[in-house]
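Visitor: Could you take me closely through one part of this assembly, namely the places where its chains meet?

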Amino acid sequence: MTLRLNQLMVFATPIIIATLVVIAPVQAADTELPQSEQGLTLSDQGIQKSADGGMLEALMFYICAAVVLGSGLAICLSKNIVRMAVYLFGTLASVALMYFLLLANFIGVIQLIVYAGGTLILLIFGVMLTSKSPWAKFDVKRNEMIAAGVICALFAGMLLMVVVNAEWPLETDAVVVGSSMTQFGSALLTDYLVPFEAMSVLLLVVMIGAAYMARQE
Amino acid sequence: MTQFSVPWKQSPPLEHRGPARGVVALARFVYSAAAPIVSRFPGLILTSAIVFSTLAVWIHWELFSYLETIAASDLNGTAKSIWGQSLTVGEIGAYLQSNSVAAGGVLKYLLWPLQMELFRDIVGLAAIFQLFNLIPVYAIWWERKVAGRIQSRMGPMRVGGWHGWAQSFADGVKLVAKEDLVPAQADGMLFKIAPYLAFVPSLLAFLCFPLGSYWVFRNVDVALIFIIAMVGIEVVGVIVAGWASNNKWSVYGAMREACQMVSYEIPMTTVLLVPIMTAGTLNMVQIGDAQSGGWFTWNAFHNPFTFIAFITYYIASLANCKRAPFDLPESESELVAGFHTEYSGFRWSLFFFAEYAAMFVVSGLAVTLFLGAWHTPLPSTWAFEETSLFKILLNGILFSSPFWFIFKCFIFIYIQLWIRWTLPRIRIDQVLYSCVQVMFPIACVALVGHAVWMVLLDGSMFSTLIRWVLGLIFAAVTFGFLSVAAFGYRNGRRMVGYLAVKQLPGS
Amino acid sequence: MFEIGLTHYLVVATLLFVMGIYVMMTKRNAIGILIGVEMVLNGANINLVAFNRYNGMSGIDGQITSLFVIVLAAAEAALAVAICMNFYKNLNTVDVDHGDTLAG
């Protein structure tokens, strides 16, 4: 019997994660709710600035960033392909949390449902079908690793220099009211109609192509 | 004590280190203190639990009606959310005193902590976590009872006295205390985190789940997609578990689960577009509020296509939470429990929590989107004027939204159990055939047909007529089902005998 | 420090992007390379959404672009996994270094 503390911590883990999701600013309800019998609504209207001056948001951001970068680093260093896929799950989920923090709820849930629920499963499925033993290790040569590391470090330094030093023309204090869902709907059917249709054609082509390639001889 | 000599290495005796020692001592103390009382007065404890939970629901109802008042009488005339706003004690007191129901000074101070957002969030999270814990516990108990009755036996009868109502708690204690084995050839890290990957998403799905107009923790505008995403993410844990166990059966289970989930999400999400189109929003609270006018205004009876969509959704959701006849990932007879073959103890119970919570979530989606959410079959305009305490209480019972929501969900869970213990499991190629060649075309037809109906016929006389006809058919089916159940309950033993004699081969 | 701005998100996105490139460069497993591609796309997506948020949210162009990126990534993953399986069927491995039968 191993009744260890970390087993009991499972009761704390979901609460912590739930808190993370929940504290992310939630926006709601673009239109007036259908008036219920009480004639009032309790939905969150618009986005409220939290009273603590963004402290909670900052905390959330740092946690998300830590998970994103930590699991990214784990992917870089891991040799086991299944573990890499699981670390990728951490990256994807915390990127979705970042989208919630950035008030892009719809993109966040789409990231969860398409990336974490679809693409990732496809990847793990591919791993299962293409590896003979569960421990498919592909060792990296040391000099390759060093060369790639140096190139990537230089590239990262260059990008970071640009990002930190650039002056972006921003309007940070705009007040946002209402949801993006109606905006999404109308934008997809007016301004972005051609890309939208092109995307649907592309998906059809991909479906046929994937079925053709994976067919039984 | 006899010492047996065995050819394998014996495991070392139990010992608890670190903080676990205190926990075990506490558990022992609680057990030894509670066991005599529980075994002596089980009925009393159950009754008082029911009474107290009813009282808690009622108090909650009252509390929320106060909060409603606060929201209604905002100074600027705009609806004001209680969640995510700061209130002062003065404000709460003023609103309470302006309310017709007498509000004493003590109540004002009882409500004082509610002004803090963090406190409200903690209360809400604790409530959700309790709900999440209790629903699987009772669903498991109920599954065992239903399975027993279907097989002409009693099911659990001992623990707790009345029909073994505490059986799942006892099982939980057993599972927590069991040894947590990790196979030697397994990938230890993945093996250990996989149950949490399955457990946490199904808990997160509850965050956006409305149990009533005001009984929602976070009223998000994309709640529906969030919940579907959470149900879909749960599969990652299952696949990782099957893979990490390093067991042939587990890998088979995981691969079946992967292809089954990925394919069944397509028809499920397609038919979910039908109620979204009817309500014009992804917000679960708004979808639910649009169906408040009695049972014939529920989305399922909007037109024939929504009815088809409802049935298609229900079948797809069976596959999505791996219930029979689609329980191929964990088929006991072929794959020896599939992906959780190697799991034991606490991690195994996490998988079960995830599975039963997913059952509740998909049933809840069916109820919210198609069958009137948390509303009674009666129109909500029939609620009493809240002039006296008795009428408030009566309203609380008859129109209590969490009660109706959970009640409807459990009816759907019951149908899931019924299907599981009645139908045989189908083959994996039949599963995929029924998804791609049967359900998906039906879902597409329902979607297109509903869109055409919305454009051409919505609001017309014919549409209303069809809605009434469908509603009456549903009512008739429900009534027939209840009468058959009542007949069977009265003539249980005789009916079982008749069926057994007449239906068995060779009779 | 506690005022989160655009730069914070851009730094995270940059690091994720570079990590993705590193993964693409070093892994030999075809699916590992695919994982690297997903990381790169995610880093780019964070950029798009962050610019959308900190530009007054007057429009949702950035969000729609990132939606398209997500859809494209899903399509690309489906095709790439199919290619990987074909690769495996022909060469019995997913090591991309062995895919040089056309190199003459």
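Guide: Two residues are taken to be in contact if their C-beta atoms, placed from the backbone, lie within 7 Å. On that footing, and bearing in mind that this is a predicted model, the contact between chain C and chain A takes 61 residues from chain C and 72 residues from chain A. On the side of chain C that touches chain A, helix H1 (6–26), helix H2 (30–53) and helix H3 (61–91) of chain C each supply at least two residues, and the largest share, 20 residues, comes from H3(C). By character, the residues of this side of chain C comprise 42 nonpolar, 13 polar and six charged.

Chain A also meets chain B, and here a single pair of helices can be followed. Helix H5 (residues 105–130) of chain A packs against helix H8 (residues 223–244) of chain B at an angle of about 20 degrees, their axes being 8 Å apart; because angles under 35 degrees count as roughly parallel, H5(A) is roughly parallel to H8(B). The crossing in which H5(A) passes H8(B) is left-handed. Among the residues that make the contact are A:Leu112, A:Ala116, A:Gly117 and A:Leu120 of H5(A), together with B:Phe226, B:Ala229, B:Gly232 and B:Trp243 of H8(B). The residues of this helix contact divide into 17 nonpolar, two polar and no charged.

As for chain A itself, the domain assignment divides it into domain 1 (1–25 + 52–134), domain 2 (136–166) and domain 3 (180–217), and the C-alpha centres of domain 2 and domain 3 of chain A lie 34 Å apart.

How values were computed. Residues numbered from 1 in each chain as written. Chains lettered and ligands numbered in written order. Predicted model: local features only at pLDDT ≥ 70, side-chain atom pairs only at ≥ 80, totals over all residues. Axes fitted to C-alpha atoms, helices over the stretch in contact; angles between N-to-C directions. Helix = DSSP H or I, 4+ residues; strand = E, 2+ residues; numbered from the N terminus. Parallel < 35°, antiparallel > 145°, perpendicular 65-115°, else oblique. Left-handed = near helix turned anticlockwise from the far one by under 90°. Nonpolar A, V, L, I, M, F, W, Y, C, P; charged D, E, K, R; others polar. Domains from an automatic or database assignment.
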